[in-house]
Amino acid sequence: MSFRTRLQAFVESRQKIQIWYGMGCHNTVTGRVLGVDHDHIDVESYSHENDGQIHVRRILVPLHLVLHIDITSAEIGDEDEITSIGDKQENKSALLPVIDLPDTPKGYGIRILSQLSSSSANRYSRMTLGPGGMYFACDGSIWFIDQGGQLIEYARIRGNNTIASLRFDSRGVLYVATIQGTIYHIDPSKSGRVLAQLDGRLTGGGTFLADLALGPQEEMYVSNFPGNAGGIFKVQVDGEYDVLLSGSQQGTQGLLVDQENFLWALEHATGTAVKHSLAGRELARVTVAPPEAFNFADGFDGNLAMDSLGRLYVTAGRAGNVMRVNREGRSETFLSGLVNPTGITFGLDGSLCVLEAGRSRVLRVSALDKSERTASATALS
């Protein structure tokens, strides 16, 4: 059932709901939905005022700003019901899950960590954990989200550059890859310099960098995605680089160096996560999803993250899913109903954070089981 269809059901049932909406700051309105058009929800809102009376007013809530909807009677008690409009007694049930959020497996909770600018929808690229929170890119800008969801611009790359990926090393140095082939080194004082300029022709095809991952010696592995070709570069800390893999890499997108120092790469053309040694030797292949589940139009799909139990999480942007692959190689849908997820990483508290570019927001998914949540957090400490 679509979001709009569910809202229409509230019109017919006259169920009391509470809506959180806004951008940057969040507003709430409690009332009944009178109608839904292309752009707005027409809400009959009521609230207690200082005069002790219940005030009724009409509010138009922009659909694209809706963050969260609950069925609730928290604002108005039974004794305060407005009886003139002929309502039936409501079911005083517990709060229901957010109806515009993706479905999650049993044992997990999900919420919006930060709402981003809708004017930049589908222009957000990969996300990484860094000092104090999560970092992601939009065009040539780098943004920081703290644990409370506060959004701050961290740095900006000069010129007409589009950032493909970013990673922090153990010293707090940020490495940034642009789709045009440039690798930047940005120190903690935000002083930046060009570290390397990669030539995508060396891996086959043109230059369209997709992702980067850091190895145990803080060397970088950078994927090149000029269609279903390309490969992986290895870049040293001094900027010297060579080709690790080339030719038949089937459209390499996301990269990950795991806790055991194996290099994982997502192949777009096969929908497969490939496990390599750091020398480039292929060790294993795991089918994640059909190739058509991944976006071919850009290299920001096939993002990879891994929890402390060795389970691999992969974004499938075209399908709107996050897939999970266990250590035995079995793939399952972990999240569904997303719109173009382009970033995924684990936070300091062990929760999984997903950058949903199509809805311009960052989601936080947490395990409700304490032992599993603690295990995930241990992997990041």
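Two strands pair if DSSP finds at least two bridges between them. The legends below use that rule for a predicted model.

**View 1. An open sheet of 4 strands.** The strands follow the order 6-29-28-27, and the pairing is antiparallel. Strand 6 (108–115) and strand 27 (341–346) stand at the edges. Each has a single partner strand, so one side of each lacks a neighbour in the sheet. From one strand to the next, the twist averages 20°. Strands of a sheet pair through backbone hydrogen bonds, either parallel or antiparallel.

**View 2. Strand 28 beside strand 29.** Strand 28 covers residues 352–356, and strand 29 covers residues 361–367. They pair in the antiparallel sense over 5 bridges. Which residue of strand 29 is the bridge partner of Cys353? The partner is Arg364. Cys353 has a relative accessible area of 0%, so this residue is buried.

**View 3. Cysteines without a disulfide.** A disulfide is a covalent bond between the sulfur atoms of two cysteines. How many disulfides does a search of the whole structure find? The search finds 0. Two cysteines can be inspected here. Cys138 has 7% relative accessibility. Buried means under 20% relative accessible area, so Cys138 counts as buried. Cys353, at 0%, is buried too.

**View 4. Strand 16, covered on both faces.** Strand 16 spans residues 220–224. Of its 5 residues, 5 are buried, so the strand is largely enclosed by the rest of the structure. In a regular strand the side chains alternate between the two faces of the sheet. Met220, Val222 and Asn224 lie on one side of strand 16. Tyr221 and Ser223 lie on the other. The residues on both sides are all buried.

**View 5. The partners of strand 16.** Strand 15 (residues 209–214) is joined to strand 16 by 5 bridges, and the two run antiparallel. Leu214 stands opposite Met220 of strand 16. Strand 17 (residues 231–235) is also joined to strand 16 by 5 bridges, again antiparallel. Which residue of strand 17 is the bridge partner of Val222? That partner is Phe233.

**View 6. The turn from strand 15 to strand 16.** This hairpin has 5 residues between the strands. Within the hairpin, Glu218 takes a positive phi near 65°. Most residues other than glycine have a negative phi, and most peptide bonds are trans.

**View 7. Gly239 in its loop.** Gly239 is found in the loop between strand 17 and strand 18 (241–245). Is Gly239 buried or exposed? At 11% relative accessibility, Gly239 counts as buried. Gly239 and Met220 are 19 residues apart along the chain. Their C-alpha atoms are separated by 9.5 Å.

**View 8. The hairpin of strand 19 and strand 20.** Strand 19 (residues 252–257) is mostly covered, with 6 of its 6 residues buried. Strand 20 (residues 263–267) runs antiparallel to strand 19, and 4 bridges join them. Leu255 has Ala265 of strand 20 as its bridge partner. The hairpin has 5 residues between the two strands. Asn261 sits in the turn. Asn261 has a positive phi of about 65° although it is not a glycine. With a relative accessible area of 33%, Asn261 is partly exposed.

**View 9. Asn122, with a positive phi.** Where is Asn122 placed? Asn122 lies in the loop between strand 6 and strand 7 (124–130). Asn122 is not a glycine, yet its phi is positive, about 70°. The relative accessible area of Asn122 is 42%, so this residue is partly exposed. Strand 6, on one side of this loop, is an edge strand of the sheet in View 1.

**View 10. The second largest cavity.** A search of the whole structure finds 2 cavities of 30 Å³ or more. The second largest has a volume of about 30 Å³. Which residues line the second largest cavity? They are Arg126, Met127, Arg167, Asp211, Asn303, Leu304 and Ile344. The lining divides into 3 nonpolar, 1 polar and 3 charged residues.

Note on methods: Residues are numbered from 1 along each chain as its sequence is written. This is a predicted model: local features need pLDDT of at least 70, side-chain atom pairs count only at pLDDT 80 or more; totals for chains, interfaces and linings use all residues. Side-chain values use heavy atoms; hydrogens and water are left out. Axes are lines fitted to C-alpha atoms, for helices over the stretch in contact, and angles run from 0 to 180 degrees between N-to-C directions. Buried means under 20% relative accessible area, exposed over 50%, partly exposed in between (1.4 Å probe, protein chains only). On a 1 Å grid over the protein atoms alone, a cavity is a set of points where a 1.4 Å probe fits but cannot get out, and a pocket is an open set with protein on both sides within 12 Å along at least five of seven lines; lining residues have an atom within 4 Å of a point. Grid points are joined across faces, edges and corners, and a volume is the space filled by probe spheres set on the points. Ala, Val, Leu, Ile, Met, Phe, Trp, Tyr, Cys and Pro count as nonpolar, Asp, Glu, Lys and Arg as charged, and the others, Gly among them, as polar. A disulfide is a pair of cysteine sulfur atoms within 2.5 Å.
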